[in-house]
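Biologist: Could we go through this model together, one question at a time, with the reasoning spelled out for each answer?

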Amino acid sequence: MPADPTTLDDGLDTPSRLDPESAEWVRSLSGSGAEREAAVVRLHELLLRVARGEVRRRSGLLRVDGPELDDLAHQAAADALLAITSKIGQFRGESRFTTWAYKFVIFEVSSKIGRHFWRRPQVKLDVEDWERLPDRFGLDPARESEWRELITALRRAVETELTDRQRQVFVEIVLNGVPLDAVVARLDSNRNAVYKIMFDARRKLRTALAAHGYPHVNTSEQR
Amino acid sequence: MNDLSALDRFLQTDPEDVGCGRAMELLHLYAELAATNAEAAAERYRGVAAHLRACGPCKEDLEGLLAAISEPRS
């Protein structure tokens, strides 16, 4: 992962001419008085509908339902509304306004689900159950002789090659199955930072295993 | 042969992967294009596509955003 990803191909387009509906959203939300209030109410209704749809879509992961699920959707919609209205000047018109706005509420749902994870009483962080590792990668116990040595080498590489923070995040995400957004919430960090920790850890582990001649590990970076 | 593909995929890193920050910044543009032409989106935003192949949370966000913009607005 490059240190400065803005140097890659994905440059933002120059500000575009707004489609009529998006222009109306920007105009009304940037205004004042009753017209702005009405636009805010209408936007909140849209955001709440998207948030409800999204928490329903992800409810299998949440293990909650009913009022708690709806409360999460309300919180996500309210926080997204605040973010959107404060950043309305950053909308550049490369997409429809609603697509840009829905992105905020989807991110809020993700973040709130990440925080919600820690409300489960059964979550334990102090356990490093390395016996789970084969299962995490779908390895067949009946064929242990084929992968045991590799898994042992992987564990050794985790212990010797990774920094303390990389090892901590590896254990939480890979061994304990903690979702990345929940790790983000616990560390009071952001998704990009935690992903980067894991990205660097994965690269180190692959290099270490390849250096020890494990043939199953592809030594070239994916393209 | 034992299937080590999941482990191999986990260990793979793509130098084109732009990371979560940039992917999240561009996700609305990617989604709007992907809603009509997924291949065109992956080609236009190659670094984002590389990231989405490796990052479950960002891929989940994309799926949520696609669902939201595909929903009829009554």
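Modeller: A helix here is a DSSP run of H or I with at least four residues, a strand is a run of E with at least two, and both are numbered from the N terminus. The model is a predicted one.

Biologist: In what order do the elements of chain B run from the N terminus on?

Modeller: The secondary structure of chain B comes to 5 helices and 0 strands. Read from the N terminus on, the order of its elements is therefore α-α-α-α-α.

Biologist: What percentage of the residues of chain B count as buried?

Modeller: Along the principal axes, the C-alpha atoms of chain B fill a box of roughly 50 × 25 × 20 Å. A residue counts as buried if 20 or more other C-beta atoms lie within 10 Å of its own. Of the 74 residues of chain B, the share that counts as buried is 51%.

Biologist: Which helix gives the largest share of the side of chain B that touches chain A?

Modeller: On this side, 40 residues of chain B are in contact with 44 residues of chain A. The elements of chain B that give two or more residues to it are helix H1 (5-11), helix H2 (19-34), helix H4 (46-54) and H5. By class, the residues on this side of chain B are 21 nonpolar, 9 polar and 10 charged. The largest share, 11 residues, comes from H2(B).

Biologist: How do helix H2 (residues 33-57) of chain A and H5(B) lie with respect to each other: roughly parallel, roughly perpendicular or oblique?

Modeller: In this pair, A:Val50, A:Gly53, A:Glu54 and A:Arg57 of H2(A) meet B:Gly64, B:Ala67 and B:Ala68 of H5(B), and the residues of the contact divide into 3 nonpolar, 2 polar and 2 charged. The crossing of the two helices is right-handed. Their axes are 10 Å apart and the helices pack at an angle of about 135°, and H2(A) and H5(B) are therefore oblique.

Biologist: Is helix H9 (residues 180-187) of chain A largely enclosed by the rest of the structure or largely exposed, and why?

Modeller: The buried residues of H9(A) are A:Leu180, A:Asp181, A:Ala182, A:Val183, A:Val184 and A:Ala185. They pack against helix H5 (97-116), helix H8 (164-175) and helix H10 (191-211) of chain A, together with helix H5 (56-70) of chain B. Because 6 of the 8 residues of H9(A) are buried, this helix is largely enclosed.

Biologist: At what angle do H9(A) and H10(A) pack?

Modeller: H9(A) passes H10(A) in a right-handed crossing. The contact is made by A:Leu180, A:Asp181, A:Val183, A:Val184 and A:Leu187 of H9(A) with A:Arg191, A:Val194 and A:Tyr195 of H10(A), and by class it has 6 nonpolar, no polar and 2 charged residues. The axes of the two helices are 9 Å apart, and the packing angle is about 110°.

Biologist: Which helix gives the most residues to the largest nonpolar core?

Modeller: Of the 75 residues in this core, A:Leu47, A:Ala51, A:Val105, B:Ala23 and B:Tyr30 touch the most other members. Leaving aside its neighbours within four places in sequence, A:Ala51 is in contact with A:Ala73, A:Ala76, A:Ala77, A:Val105 and A:Val109. With 10 residues, the helix that gives the most to the core is H5(A).

Key: Residues numbered from 1 in each chain as written. Chains lettered and ligands numbered in written order. Predicted model: local features only at pLDDT ≥ 70, side-chain atom pairs only at ≥ 80, totals over all residues. Buried ≥ 20, exposed ≤ 12 C-beta atoms within 10 Å, placed from the backbone. Contact = placed C-beta atoms within 7 Å. Nonpolar A, V, L, I, M, F, W, Y, C, P; charged D, E, K, R; others polar. Axes fitted to C-alpha atoms, helices over the stretch in contact; angles between N-to-C directions. Left-handed = near helix turned anticlockwise from the far one by under 90°. Core = buried A, V, L, I, M, F, W, Y, C linked by C-beta atoms within 7 Å. Parallel < 35°, antiparallel > 145°, perpendicular 65-115°, else oblique.
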